[in-house]
Amino acid sequence: MAIEVGPVDVARTRFAISPLGEAVQALRVAAGVQPAGPLRPWTERVAPRYEQLRAQVPAVGALTALFRRGAYNADFIHPPPSGPGADITAELAVVRATALPRARLELARNLAGMRPPAHHVQRILDAPDVVAQLADALEASWRVLVEPDWPRLRAVLERDVAHRSGQLARDGWAAALSDLDRRVRWRADGEAGTIEVRTGSRTEWERLRPAGQGLLLMPTVFGTLINYVEPPWPYALVYPARGVADLFGPAARAPGDAALSRLVGERRADVLRALAVPATTSQLVAQLSLSLGTVGSHLAVLRDAGLVTRTRLGRAVRYELTPLGVALTENAGREIPGEDVKVGAAAPTTRRAALSGPTKI
């Protein structure tokens with residue numbers, strides 16, 4: 001499809017985070033409908049919880065039976081949020097308010113062309129309280145699959161929003177869409193232009209015009225590219241957030257990362273790499289499979305060295321890299337211009353002294 005936008009649409013385009021959307025997409029990944037990719041450590045960790053969820057909430061099986069790839073999925077199950085700060089309670093209230101006739105029409109469209117559902121699934125989909133049952137299943141999926149990791153997931157999503165909204169405001173559509181998804185590209189035409197979203201093999205584009213209403217852009221940790229182009233929803237794109245690859249397991253090590261390990265120690269280097277995404281101590285414990293005391297000790301040393309900082313958020317304390325920490329993790333192993341040395345290798349005395357001083361993306 002092709003979304004034709006003008007200068008006014010830039011000003012009215014907004015970003016939003018959808019807890020409900022993450023619950024739906026997490027359920028798709030846990031059910032195997034969507035490839036796990038870099039989220040495999042997460043799928044392995046939640047597999048027992050997912051099986052227990054299916055056993056205790058039969059409507060979860062009805063939800064997963066509706067999931068399709070490259071085809072229509074019932075909109076009322078995952079409505080776009082009404083504002084940037086939507087919470088799960090507000091989003092579930094929208095789902096529960098869906099009129100039964102509309103739900104029936106969307107479910108019928110969703111099931112068209114699919115293999116007939118199992119009898120126990122069809123019984124749920126035919127029930128007069130189908131909307132309530134599916135909403136309860138969504139809420140249970142949120143509580144079991146997403147809520148335990150939500151502070152860290154939200155940090156990833158918020159950081160993506162800050163990055164991309166800044167690109168859009170400063171440099172326009174071309175910059176904001178440059179790495180959104182390989183199926184999305186920008187074609188400029190003076191002050192206006194077209195956002196092309198390739199959703200299939202068709203060569204003819206469906207042309208859409210927001211007419212000055214802008215778009216709704218939503219990053220996702222668990223999902224892939226999704227578009228909303230039908231009433232009553234605004235034109236919206238869901239796209240993969242930045243910084244997901246190292247979210248649920250130790251960060252992958254580049255060839256030159258041995259230098260960072262030699263400089264600060266292997267475990268502290270792991271903590272620094274993991275903090276490419278801000279995290280709490282307990283989240284680092286889960287990600288790195290280290291004890292709480294070990295992680296806390298490493299964080300204290302790294303904080304004293306000026307490599308990490310901490311911020312209290314309610315009852316939680318979140319750690320993130322300082323500019324010095326970012327520079328160290330990004331440059332470890334790179335050649336220093338004009339010298340045949342690397343960080344962590346034998347270097348001139350003056351450079352070693354500089355690195356041993358007060359000892360994000």
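How many bridges join strand 1 to strand 4, and in which sense do the two strands run? Let me start there, and good morning, everyone. There are four bridges between strand 1, residues 2–5, and strand 4, residues 192–197, and the two run antiparallel. Please keep in mind throughout that this is a predicted model.

Let's stay with that pair for a moment. Glutamate 4 stands opposite threonine 194 in strand 4, and isoleucine 3 stands opposite isoleucine 195, again in strand 4. Isoleucine 3 also has a bridge partner in strand 5, namely leucine 208. Strand 1 and strand 5 pair over two bridges, in the parallel sense. Put this together and you get an open sheet of four strands in the order 3-4-1-5, with mixed pairing. Strand 3, residues 184–189, and strand 5, residues 207–208, are at the edges; each has a single partner strand, so one side of each is left without a neighbour in the sheet. As a reminder for anyone tracing this on screen, strands of a sheet pair through backbone hydrogen bonds, either parallel or antiparallel.

Now to the second sheet. This one is also open, with three strands in the order 9-11-10, and its pairing is antiparallel. Its edge strands are strand 9, residues 279–280, and strand 10, residues 308–313, each of which pairs on one side only. Strand 9 is joined to strand 11, residues 316–321, by two bridges, and these strands run antiparallel. If you want the register, threonine 280 stands opposite arginine 318 in strand 11, while alanine 279 has tyrosine 319 as its bridge partner in that strand. On the other side, strand 10 and strand 11 pair over six bridges in the antiparallel sense. Valine 308 stands opposite leucine 321 of strand 11. Strand 10 and strand 11 form a hairpin with two residues between the strands, and in this hairpin glycine 314 takes a positive phi near 65 degrees.

On to the helices, and I have two pairs for you. The first is helix 2, residues 19–30, with helix 3, residues 40–56: their axes come within 10 Å and cross at roughly 90 degrees. An angle from 65 to 115 degrees counts as roughly perpendicular, and helix 2 and helix 3 are therefore roughly perpendicular to each other. Who meets whom here? From helix 2 we have Ala26, Leu27, Val29 and Ala30, and they meet Trp42, Thr43 and Tyr50 of helix 3. By class, that contact of helix 2 with helix 3 has six nonpolar residues, one polar residue and no charged ones.

The second pair is helix 12, residues 266–274, with helix 14; the axes come within 10 Å and cross at roughly 75 degrees. That makes helix 12 roughly perpendicular to helix 14 as well. In this contact Arg267, Arg268, Val271 and Leu272 of helix 12 meet His298, Leu299, Val301 and Leu302 of helix 14. The residues of the contact between helix 12 and helix 14 divide into five nonpolar, one polar and two charged.

Let me zoom in on that histidine. Histidine 298 sits in helix 14, residues 292–304. Is histidine 298 buried or exposed? Its relative accessible area is 13%, and since buried means under 20%, histidine 298 is buried. Leaving aside residues up to four places away in sequence, histidine 298 touches Arg267, Arg268 and Val271.

For contrast, please look at alanine 327, in helix 15, residues 323–331. Alanine 327 has 33% relative accessibility and so counts as partly exposed. Alanine 327 and leucine 307 are 20 residues apart in sequence and 9.3 Å apart in space, C-alpha to C-alpha.

Finally, the interior. The largest nonpolar core has 73 residues, and Leu145, Val221 and Phe222 are those with the most contacts inside it. Helix 8, residues 130–146, gives the most to this core, with 10 residues. What does valine 221 touch, not counting residues up to four places away in sequence? The list is Glu22, Leu39, Leu153, Val156, Leu157, Val244, Leu247 and Phe248. Apart from this largest core lies another, of 21 residues, and among them are Val264, Leu272, Ala305 and Tyr319. You have met two of those names already: Leu272 in the contact of helix 12 with helix 14, and tyrosine 319 as the bridge partner of alanine 279.

That's my tour, and thank you for listening!

Methods
Residues are numbered from 1 along each chain as its sequence is written. This is a predicted model: local features need pLDDT of at least 70, side-chain atom pairs count only at pLDDT 80 or more; totals for chains, interfaces and linings use all residues. Side-chain values use heavy atoms; hydrogens and water are left out. Axes are lines fitted to C-alpha atoms, for helices over the stretch in contact, and angles run from 0 to 180 degrees between N-to-C directions. Angles under 35 degrees count as roughly parallel, over 145 as roughly antiparallel, 65 to 115 as roughly perpendicular and the rest as oblique. Contact means heavy atoms within 4.5 Å. Ala, Val, Leu, Ile, Met, Phe, Trp, Tyr, Cys and Pro count as nonpolar, Asp, Glu, Lys and Arg as charged, and the others, Gly among them, as polar. Buried means under 20% relative accessible area, exposed over 50%, partly exposed in between (1.4 Å probe, protein chains only). Two strands pair if DSSP finds at least two bridges between them. A nonpolar core is a set of buried Ala, Val, Leu, Ile, Met, Phe, Trp, Tyr and Cys residues joined through side-chain atoms within 4.5 Å.
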